[in-house]
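Trainee: Please take me closely through one part of this model. Keep it brisk and go residue by residue.

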Amino acid sequence: MADITLWLPENDLIRRQVLNKLTEESGELLQIVGRCLAQGIDKADPKSGKPNIDALADEIADMMAAVAWLREVITLPPGTDARTNRKLSGFHEWQGLLEAAQ
Ligand SMILES: [Mg+2]
């Protein structure tokens, strides 16, 4: 198998812009999550004074909008919602383990 293979970018304008927006919003969400980890979710941005929880809520809302738009434009494979539910169940199970370990 060749190490180098041909790949071409998404050429559908709408799909490309949906994916661009998802990339942008993912980055913004990652940035505020990092700030919440570094400073505390109950603290505020030292420059703007905006509470970290408010910035986090804003970026979660933006991310949810980007995912909703993607799901309007791109049909995801069957089983995606089932995976979401399995993942959430796993998070709940893990939370129980963490609470028991405290
Ligand atoms: Mg945003």
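Mentor: What follows is a look at the metal site, then at charged pairs and one loop residue.

This is a predicted model: local features need pLDDT of at least 70, side-chain atom pairs count only at pLDDT 80 or more, and totals for chains, interfaces and linings use all residues. Residues are numbered from 1 along each chain as its sequence is written, and side-chain values use heavy atoms, without hydrogens or water.

Start with the magnesium ion. Its donors are Glu25 (OE), Glu28 (OE), Glu59 (OE) and Asp62 (OD), at 2.0 to 2.3 Å. Donors here are N, O and S atoms within 2.8 Å of the metal (3.2 Å for Na, K and Ca); water is not among the atoms, so sites may look incomplete. Along the sequence, the donor residues follow the spacing E-x2-E-x30-E-x2-D. Glu25 sits in helix 1 and Asp62 in helix 2, so this pair ties together parts that are 37 residues apart in sequence. Helices are DSSP runs of H or I, at least four residues, numbered from the N terminus.

Now take Glu25 alone. Its relative accessibility is 9%, so Glu25 counts as buried. Buried means under 20% relative accessible area, exposed over 50%, and partly exposed in between (1.4 Å probe, protein chains only). Asp62, at 30%, is partly exposed. Beyond its neighbours within four places in sequence, Glu25 is in contact with Glu59, Asp62, Met63 and Ala66; contact means heavy atoms within 4.5 Å.

Which side chain of opposite charge is nearest to Glu25? That is Lys21, 4.6 Å away, and Glu25 has no salt bridge. Lys and Arg count as positive, Asp and Glu as negative; His and the chain ends are not counted. A salt bridge needs a side-chain nitrogen of Lys or Arg within 4 Å of a carboxyl oxygen of Asp or Glu.

Lys21 does form a salt bridge with Glu24, with the closest N and O atoms 3.1 Å apart. The two are three residues apart in helix 1, so about one helical turn separates Lys21 and Glu24. Lys21 is partly exposed at 33%, and Glu24 is partly exposed at 38%.

By this rule the count is four salt bridges. Another one joins Asp58 and Lys50 (2.5 Å, N to O).

Lys50 also leads to the loop between helix 1 (13-39) and helix 2 (52-73), where Asp45 sits. Leaving aside neighbours within four places in sequence, Asp45 is in contact with Arg35, Lys50 and Asn52. Asp45 is buried, at 17% relative accessibility.
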